[in-house]
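Student: I am new to this structure and would be grateful for a close look at a single part of it. Please choose one element, explain its setting, and then relate it to the whole.

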Amino acid sequence: MTAPSIGRLIYERPALLSSKPTSYCPGCGHGIVHRLLAEVLGELGLGSRTILVGSVGCSVFAYDYLRLDSVESPHGRAAAVATGVKRYRPDRVVFTYQGDGDLAAIGTAEIVHAAARGERFTTIFVNNGIYGMTGGQMAPTTLPGQKTTSSPLGRDTSVAGYPLPVTEMLSLLPGVAYAARGSVAEPGLIGKTKAAIKRAFEVQLEGKGFSIVEVLSTCPVGWGMTPTAAMERLATEVTAAYPLGTYVDRARGIAPSMPVPGSLVRSVSEGF
Ligand SMILES: Cc1ncc(C[n+]2csc(CCOP(=O)(O)OP(=O)(O)O)c2C)c(N)n1
């Protein structure tokens, strides 16, 4: 642990967070999420038995920043790799760390089917609404009207469709034991996001099924904003489109308010 003092603030680096400077831009949320993971896994005493399954995107070097065993996966395939790792080593705690381009575009099939199978790993899904690493192109999560390098006039839903609400969609699947959406927009929300990440790992330890925490995050460079303006946009416009909270925690009796597929079939047939 190091403890440099910044005025009255004491910054203690969690043991699972490396001292290596990251490649992240000023105002990017990946560093905050890394720190939350290091804190949670340290507090749960899981550092020595956790395997990070990395992905492709700005967080591709996460294995350098988190002091964990790790496996790197091809773009979008983290859920498939994690499936293999967890099935081979069920004694290990396994999680994927994926951006929205990785998880919600090229990796949609992998994440949906891993969740449907109820694979017993955890996914940390960092949604900054854009392809950050490759220069800020439109992602499936980009908001309607949002300008990106591949939608310079703003996302036109008549051409590019509507954003994918990944956490809402996955929460309908019975294999999903826990699904929540948090944010890095301000300290109180970061604390709640940390609690959600902790709960997701607890659910994995209990062997309940798949668990996911989506974390709404920023990409000031890709959004063409200052870090401060990006945080404000995250707290307002982005959060309005992607509501925060626990969508499913089946062990605690929190289930989706929308009918799950089985009950939908029943209620439709009963209704007619
Ligand atoms: C098979 C393949 N296709 C495309 C790419 C190019 N590529 C690298 S990162 C990336 C997007 C990553 O965006 P996201 O997952 O949202 O993460 P971020 O960089 O925003 O954190 C793409 C398309 C690649 N590396 N491999």
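**A close look at strand β6**

Tutor: Strand β6 is largely enclosed by the rest of the structure, because six of its six residues are buried. A residue counts as buried if 20 or more other C-beta atoms lie within 10 Å of its own, as exposed if 12 or fewer do, and as partly exposed in between, with the C-beta atoms placed from the backbone. Strands are DSSP runs of E with at least two residues, helices are runs of H or I with at least four, and both are numbered from the N terminus.

Two remarks on the model itself are needed here. It is a predicted model, in which local features need pLDDT of at least 70 and side-chain atom pairs count only at pLDDT 80 or more, whereas totals for chains, interfaces and linings use all residues. Residues are numbered from 1 along each chain as its sequence is written.

The two faces of the strand may be taken next. In a regular strand the side chains alternate between the two faces of the sheet. In β6, Thr122, Ile124 and Val126 lie on one side, and Thr123, Phe125 and Asn127 lie on the other. Both of these faces are covered, and the residues named are all buried.

Strand β6 also has partners, where two strands are said to pair if DSSP finds at least two bridges between them. With β5, which covers residues 93–99, β6 pairs in the parallel sense over five bridges. Phe95 has Thr122 of β6 as its bridge partner. Six bridges join β6 to β10, residues 210–216, and these two strands also run parallel. In β10, Ser211 is the bridge partner of Thr122. Thr122 thus has a bridge partner in Phe95 and another in Ser211.

Val126, a residue of β6, deserves separate attention. Val126 is buried because 28 other C-beta atoms lie within 10 Å. Leaving aside neighbours within four places in sequence, its contacts are Gly29, His30, Val33, Ser59, Gly99, Val215 and Ser217; a contact means that the C-beta atoms of two residues, placed from the backbone, lie within 7 Å. Val126 and Val184 are 58 residues apart along the chain, and their C-alpha atoms are separated by 10.0 Å.

Helices also belong to the surroundings of the strand. Helix α3, residues 78–88, is mostly covered, with eight of its eleven residues buried; among them are Ala79, Val81 and Val85. The cover over these buried residues includes β6 (122–127), together with β3, β4, β5, α4 and α5. Ile111 lies in helix α5 and is buried, since 28 other C-beta atoms lie within 10 Å. Residues up to four places away in sequence not being counted, Ile111 touches Ala79, Leu103 and Thr123. Of these, Ala79 is one of the buried residues of α3, and Thr123 is one of the buried residues of β6.

The nonpolar core leads back to the same strand. A nonpolar core is a set of buried Ala, Val, Leu, Ile, Met, Phe, Trp, Tyr and Cys residues joined through C-beta atoms within 7 Å. The largest one has 67 residues, and Ile124 is among those that touch the most other members, as are Leu37, Leu66, Val176, Ile197 and Val213. Val213 touches Ile124 and Phe125, as well as Ala180, Gly182, Ala196, Ile197 and Ala200, not counting residues up to four places away in sequence. In soluble globular proteins, nonpolar side chains tend to be buried together.

For contrast, Leu244 is found in the loop between α10 and β11. Leu244 is partly exposed, because 19 other C-beta atoms lie within 10 Å. Apart from neighbours within four places in sequence, Leu244 is in contact with Arg181, Gly182, Ser183 and Thr239.

Finally, the whole chain frames this picture. The protein chain contains eleven helices and eleven strands, and buried residues make up 46% of its 272 residues. Of its contacts with a separation of 6 or more, 66% join residues 24 or more positions apart. The radius of gyration of the protein chain, 18 Å, agrees with a compact globule, because 272 residues would then give a value near 19 Å. This radius is taken over C-alpha atoms, and the globule rule is 2.2 Å times the number of residues to the power 0.38.
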